[in-house]
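Me: I would like to go through this model step by step. Please keep the answers brisk.

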Amino acid sequence: MIEIEHIKKSFDGKEVLHDISGRFEAGRTNLIIGASGTGKTVLLKCIVGLIAPDEGNVFYDGRDFTHADRDLKTEIRREIGMLFQGGALFDSKNVQENIMFPLNILTDMTVDEKLDRVNFCLQRVGLENVNQKMPSEISGGMKKRVGIARAIVNNSQYLFCDEPNSGLDPQTAILIDNLIQEITKEYGITTIVVTHDMNSVMEIGEYVMFMHQGYKVWEGSSENISQAEAKELQDFIFANKLMRMMKSS
Amino acid sequence: MFLGSLFVNRESFRTYVKLIIDESILVGVGSIFIVVIVSTFMGAVTAVQTAYNLVSPLIQDYIIGTLVRDMTVQELAPTVIAIVFAGKVGSSISSGLGTMRITEQIDALEVMGINSVSYLVLPKVIAAVLMYPLLVILAMFLSIYGGYLAGTLTNIITEQEYIYGIRLDFNPFTIKFAMIKSVVFAFLISSISAYKGFFTKGGALEVGIASTSAVTNSCIAILLADYLLAQLLL
Ligand SMILES: Nc1ncnc2c1ncn2[C@@H]1O[C@H](COP(=O)(O)OP(=O)(O)OP(=O)(O)O)[C@@H](O)[C@H]1O
Ligand SMILES: [Mg+2]
């Protein structure tokens with residue numbers, strides 16, 4: 001479980017996050033949604049400590065991450081798997097080496113064990129025969145999936161995904177959403193997914209935090225999201241025709 | 001701060017050895033071609049120009065050999081090659097790290113709990129400090145050989161005279177001095193370039209700017225250090 005308390009962050013005097021608090025339970029898929037530029041990525045980076053929040057605290061299962069010393073920070077980070085919005089694959093390493101990297105650093109598995117694990121993860125994200133390809137030789141959606149494979153390879157306790165299915169076709173997108181949910185349930189991990197895709201929200205949104213221009217506007221589950229009052233959320237949900245049709249029917 | 005965090009290691013020693021070897025091959029072998037070209041011509045030009053300037057009949061021709069040796073070993077090989085090294089290795093260090101920064105690869109390392117400064121920067125600095133002196137030794141031999149080629153092929157000087165010249169009054173301290181300079185230059189180039197690359201902000205444009213400024217700053221640092229070391233040690 002991850003708790004955040006009163007997170008604030010400004011860049012050059014411009015407030016990007018206004019006092020965000022929330023609880024992300026283990027074993028369910030937690031979503032942070034909102035329009036482009038509302039600060040979802042910044043919030044996620046504050047949670048994993050890549051950006052230091054101006055104010056506020058982050059707790060990983062009760063462990064104060066914001067004020068942790070170097071050793072505790074490293075300890076917690078070694079339990080984290082993260083997919084970045086752009087994939088962030090190491091471009092000097094091929095697909096297999098990329099996915100194997102956390103295992104090389106964090107475990108003392110044998111080469112064969114590592115290879116098995118890599119192939120298992122690749123298969124779970126629906127990729128085959130790409131082990132030896134370089135990141136520059138695969139498509140954007142494939143990079144995303146390799147990024148997910150790398151994030152889950154080490155059986156992390158905490159999984160963060162920044163827009164896991166943007167740039168994927170609808171079928172693969174659902175496959176990835178379901179994969180994330182499956183892993184979350186199977187291992188009881190704490191998962192936070194940033195997205196602006198309403199399909200994902202309806203598919204896997206067990207807990208949804210809606211952000212608008214740096215404010216937390218609404219939180220709840222996808223089942224009651226369509227009854228939400230907040231005007232910004234209504235606009236966000238019913239931006240597309242399909243959702244409007246569902247509402248009127 | 002930046003240099004301090006270089007030495008907070010967390011990954012195993014073996015990982016570092018492997019990284020250092022990889023980087024050394026990249027830095028060392030990758031630079032051989034340009035070093036061969038530059039140093040051979042440097043020696044040749046020094047020989048021809050010295051010969052051109054020595055018009056007095058009182059001065060023996062073998063002095064050309066001595067002068068080529070002294071100039072290249074002490075000054076031209078470590079310093080000029082350092083500028084070349086800054087252009088080749090410095091720019092590649094800073095653009096490499098800059099790209100890793102803007103594409104969030106450095107963030108990805110950090111999230112895995114890896115000290116990205118020591119993981120990425122330390123092997124490059126060590127590799128540069130190990131390989132650059134070797135490149136300079138190569139450059140010394142080649143520039144003396146370049147002078148020999150230019151001298152004998154154009155009949156400025158005979159083979160015997162040249163060899164007599166380069167063996168005359170040899171002071172081993174010049175080699176030591178050149179090696180000290182090489183280590184200092186390599187450290188300056190690699191750490192300045194790594195710093196510039198590591199703290200790149202923005203996009204592809206900024207990566208280019210960082211790498212240009214890495215090379216410019218390295219060159220300035222090389223020349224300053226060259227002057228200071230000459231003052232201190234000679
Ligand atoms: N390092 C930074 N320096 C200055 N401003 C930043 C920085 N990172 C983000 N911002 C600003 O913070 C705001 C929120 O950005 P963020 O990347 O969190 O958006 P987002 O919600 O993830 O959007 P998207 O869905 O498009 O990814 C933006 O206005 C952006 O300009
Ligand atoms: Mg984002």
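Reply: Buried means under 20% relative accessible area. The model is predicted. By that cut-off, the buried residues of helix 5 of chain A include Gly141(A), Lys144(A), Arg145(A), Val146(A) and Gly147(A). Ile148(A), Ala149(A), Arg150(A), Ala151(A) and Ile152(A) are also among them.

Me: How many of the 13 residues of helix 5 of chain A are buried?

Reply: Helix 5 of chain A is largely enclosed by the rest of the structure, because most of its length falls under the cut-off. Of its 13 residues, the number buried is ten.

Me: Which element of chain B do the buried residues of helix 5 of chain A pack against?

Reply: Within chain A, the partners are strand 6 (80-83), helix 3 (95-106), helix 4 (111-124), strand 7 (158-162) and helix 6 (170-187). Chain B also takes part, through helix 3 (105-111).

Me: How far apart are the end C-alpha atoms of helix 5 of chain A?

Reply: Helix 5 covers residues 140-152 of chain A. At 1.5 Å a residue, its 13 residues should span 18 Å. The model agrees with that expectation, as the end C-alpha atoms are apart by 19 Å.

Me: Which helix gives the most to the largest nonpolar core?

Reply: The largest nonpolar core has 82 residues. Those with the most contacts inside it are Ile2(A), Leu43(A), Ile47(A), Tyr60(A) and Phe160(A). The helix that gives the most to this core, with 14 residues, is helix 4 (residues 116-153) of chain B.

Me: How many residues are in the second, separate core?

Reply: This core is separate from the largest one. It includes Leu127(A), Ile180(A), Ile225(A) and Ile237(A). Its residue count is 45.

Me: Which methionines does Leu43(A) touch, not counting residues up to four places away in sequence?

Reply: With those neighbours left out, Leu43(A) touches Ile4(A), Ile7(A), Leu17(A), Ile20(A) and Ile32(A). The methionines it touches are Met209(A) and Met211(A).

Me: Which helix gives the most to the shell around ligand 1?

Reply: 14 residues surround ligand 1, and the closest are Ser36(A), Gly37(A), Lys40(A), Thr41(A) and Gln85(A). The top contributor to the shell, with three residues, is helix 1 of chain A.

Me: What share of the accessible area of ligand 1 does the protein cover?

Reply: Start with polar atoms. A side-chain atom of Lys14(A) lies 3.3 Å from an oxygen atom of ligand 1, and a side-chain atom of Glu163(A) lies 3.2 Å from an oxygen atom of ligand 1. A backbone atom of Gly39(A) is 3.0 Å from an oxygen atom of the ligand. Of the 640 Å² that ligand 1 has on its own, the protein covers 64%.

Me: Is Asn165(A) buried or exposed?

Reply: Asn165(A) sits in the loop between strand 7 and helix 6 of chain A. Asn165(A) touches Ala173(A), Asp177(A), Thr195(A), Asp197(A) and Ser200(A), not counting residues up to four places away in sequence. Its relative accessibility is 6%, so Asn165(A) counts as buried.

Me: Is Asp12(A) buried or exposed?

Reply: Asp12(A) lies in the loop between strand 1 (2-11) and strand 2 of chain A. Asp12(A) has a positive phi of about 50° although it is not a glycine. Its relative accessibility is 83%, so Asp12(A) counts as exposed.

Me: What is the relative accessible area of Asn155(A)?

Reply: Asn155(A) is in the loop between helix 5 and strand 7 of chain A. Its phi is positive, about 50°, although it is not a glycine. Asn155(A) is partly exposed, with a relative accessible area of 40%.

Notes: Residues numbered from 1 in each chain as written. Chains lettered and ligands numbered in written order. Predicted model: local features only at pLDDT ≥ 70, side-chain atom pairs only at ≥ 80, totals over all residues. Heavy atoms only, no water. Helix = DSSP H or I, 4+ residues; strand = E, 2+ residues; numbered from the N terminus. Expected span 1.5 Å × (residues − 1). Buried < 20%, exposed > 50% of the residue type's maximum accessible area, 1.4 Å probe, protein only. Contact = heavy atoms within 4.5 Å. Core = buried A, V, L, I, M, F, W, Y, C linked by side-chain atoms within 4.5 Å. Near = heavy atom within 4 Å. Polar contact = N/O pair within 3.5 Å; in protein donor to acceptor, adjacent residues only side chain to side chain. Areas by Shrake-Rupley, 256 points an atom, 1.4 Å probe, with all protein chains shown as cover.
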